[in-house]
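Student: Please take me through one part of this model closely. I would like a single charged side chain and its surroundings, then the sheet beside it.

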Amino acid sequence: MGCNILKQDNTCLIVDPGDDYNKIKKEIGDCKILGILITHSHFDHIIGLNQIRSLRPDAVVVSTARCSENIGNTHRNLSSTVT
């Protein structure tokens, strides 16, 4: 699954930051992040989330309540299956 970045002018919306952090960082440049949308909690959709948040700590993360609950659960986000 690849990350999607919607850009307009100097703003962007990041959807599922699961790709390579360096590619995301390069793509967004100095854009203001309007939000980070997580469609579901599988690790391949969230793996870059903490790095993006460390880059822009004011960025709002949006997800469903269930997704938010499962992000930190290694069994539910399937990261426990990755070796």
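Tutor: Arginine 56 is buried (under 20% relative accessible area, 1.4 Å probe, protein chains only). Yet arginine 56 has no salt bridge (a side-chain nitrogen of Lys or Arg within 4 Å of a carboxyl oxygen of Asp or Glu). The nearest side chain of opposite charge is aspartate 58, 6.1 Å away. Lys and Arg count as positive here, Asp and Glu as negative; His and the chain ends are not counted. The model is predicted: local features need pLDDT of at least 70, side-chain atom pairs pLDDT 80 or more, while totals for chains, interfaces and linings use all residues. Residues are numbered from 1 along each chain as its sequence is written, and side-chain values use heavy atoms, without hydrogens and water.

A polar atom of the arginine 56 side chain lies 2.6 Å from the backbone oxygen of glycine 29. Beyond neighbours within four places in sequence, arginine 56 is in contact (heavy atoms within 4.5 Å) with Ile28, Gly29, Asp30, Cys31 and Ile33. Arginine 56 itself sits in the loop between helix H3 (49-55) and E4. Helices (H or I, at least four residues) and strands (E, at least two) are DSSP runs, numbered from the N terminus.

Now the sheet. It is open, with 4 strands in the order E1-E2-E3-E4 and mixed pairing (at least two DSSP bridges between two strands). Strand E1 (4-8) and E4 are at the edges with a single partner strand each, so one side of each has no neighbour in the sheet. E3 pairs with strand E4 (residues 61-62) in the parallel sense over 2 bridges. There, isoleucine 36 has valine 61 as its bridge partner.

Conventions: Buried < 20%, exposed > 50% of the residue type's maximum accessible area, 1.4 Å probe, protein only. Polar contact = N/O pair within 3.5 Å; in protein donor to acceptor, adjacent residues only side chain to side chain.
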